[in-house]
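Got your viewer open? Let's take a short tour, one selection at a time.

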Amino acid sequence: MKQSQLFTKTRKDVSAEEVSKNAQLLTRAGFIHRELAGVYSYLPLGLRVIEKIKQIIREELNTAGCQEIVMSALQGKEIWEKTERWSDEIVDNWFKTTLKNKTELGLAFTHEEPIANIMKNFVQSYKDLPFFAYQFQTKFRNELRAKSGIMRGREFIMKDLYSFHTTKEAHEEFYDKMKEVYMNIFRRLGLGENTYLTMSSGVPFSKYSYEFQTISDAGEDVILYDEEKRIAINKDDFSDDIFEDFGLKKDELNFKEAPSIEIGDIYSLGTKYSEALDLTYADAEGKGHPVFMGSYGIGVPRVMGTIVEVHHDENGMIWPAAVAPFQVHLISLNQNEKAEQLYKELTKAGVEVLYDDRDTRAGGKFADSDLIGIPLRVVMSKKTLEQDAVEIKQRGIDACDMIPLLSVTRDMIMDRLGL
Ligand code: ATP
Ligand code: MG
């Protein structure tokens, strides 16, 4: 894309209300627009990142045999009354509204009830199980605090996956596999190093659940973590009995403490929802049993905000190549004729290029480029062209090289990006 055509512009300042680093940088770089506290719109550069995050999650879940759906945000109260989650006294973050005929509706904050209700149409016998369905869908939550930028939205895209098995044992095998699938996802998203599988408290059925916590000063949680064993405990849930429950020996782990961000979590739901909503299957003898369920969440904007919190410096964002809005930032310093040719060639070869063809000063172009944070910068100037070369620089690394123009190929770029 040509930067002269990008309608968003970078800016120097953001509103004083925006206290989080992620929202400050994303707003200054033109990735997002704040509608209200905790409510954001995604602009072209921001949307490209959101879509890349979704695609990585989608690929890993599809490989694990999951199927994509989309459920509605608007919800009638009947199914939620069956699980006792309609009442505002029990669930304090509902957004609710009414139809013109006074029927009460809610904007879903999660989807265990609707998906169990849908699956009643498709589950009769044990032969129909197991299966796994997920969605990327906008959740609404009347969050008390919204000070973490896009990491805690009142409206946000969640990836929520639900699993359906005949037995606890069959469920547990899948649940364990999802721990690995999640870590693969976070590794591909550039968060692998800082992210820990974290033991946490569960829902009524199972005493514990797992969270995926990324160490960052911007975190609202605190974990106790073992760097070598790659395991952590949410400080809120820390107790001597917890070790036994997870089959760990306390004195074999020496914990460090750090603030962290919960980017995902996985729950064993048992038969709580299937019993309440009558989602049952018949076994080989024709006897009925409730389906065993699990749920698995990842907050897509929370992941995006976390990537910014973990990967930035004083000049701006530093996107991991797999989620960067573009792979290459091609900067022309008054050399648009030659630069346009390279832009066209690379784009044709399938490289994602943001081409700064604007008629502005070099200093401004470099400052914008650092702020936006595209991983590879290619500069074409009079000086470089005298040597039939371009200057190439990786965001976040000081050194840059001159390389012959002819060697700027897709393969060379993908190699440098590690893609
Ligand atoms: P938290 O404890 O941070 O409020 P949660 O445990 O209530 O989160 P879940 O219902 O487990 O959240 O949601 C699944 C995932 O969705 C979380 O792991 C997190 O990544 C993300 N998430 C939750 N709330 C928000 C929010 N308000 N904005 C953005 N992402 C969110
Ligand atoms: Mg959670």
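Select D265 first: this residue is buried, because its relative accessible area is 15%, and buried means under 20%. Keep in mind that you're looking at a predicted model.

Now add the magnesium ion (ligand 2) to your selection. Which residues coordinate the ion? They are E262, through OE, and D265, through OD, at 2.1 to 2.3 Å.

Next, zoom out and show the whole chain as a cartoon. You'll be looking at 12 helices and 23 strands. The C-alpha atoms fill a box of roughly 80 × 60 × 45 Å along the principal axes. How does that fit with a compact globule? For 419 residues, such a globule would have a radius of gyration near 22 Å, and the chain's 24 Å agrees with this.

Try colouring by burial: 52% of the 419 residues are buried. Then switch on the surface, which comes to about 19,900 Å² of accessible area, with 48% belonging to carbon and sulfur atoms. For charges, pick out the 54 positive and 68 negative side chains; the centres of the two sets lie 5 Å apart.

Last stop: helix α12, residues 410–417. Show the side chains of M412, I413, M414 and L417, which are buried. What covers them? The cover includes the helix α9 (336–348), along with β19 (328–332), β21 (376–380), β22 (389–394) and β23 (400–404). Step just past α12 and you reach G418, whose phi is positive, near 70°.

How values were computed. Residues numbered from 1 in each chain as written. Chains lettered and ligands numbered in written order. Heavy atoms only, no water. Donors = N, O, S within 2.8 Å, 3.2 Å for Na, K, Ca; no water. Buried < 20%, exposed > 50% of the residue type's maximum accessible area, 1.4 Å probe, protein only. Helix = DSSP H or I, 4+ residues; strand = E, 2+ residues; numbered from the N terminus. Rg over C-alpha atoms; globule rule 2.2 N^0.38 Å. Areas by Shrake-Rupley, 256 points an atom, 1.4 Å probe, with all protein chains shown as cover. Lys, Arg positive; Asp, Glu negative; His and termini not counted. Charge placed at Lys NZ, Arg CZ, Asp CG, Glu CD. Contact = heavy atoms within 4.5 Å.
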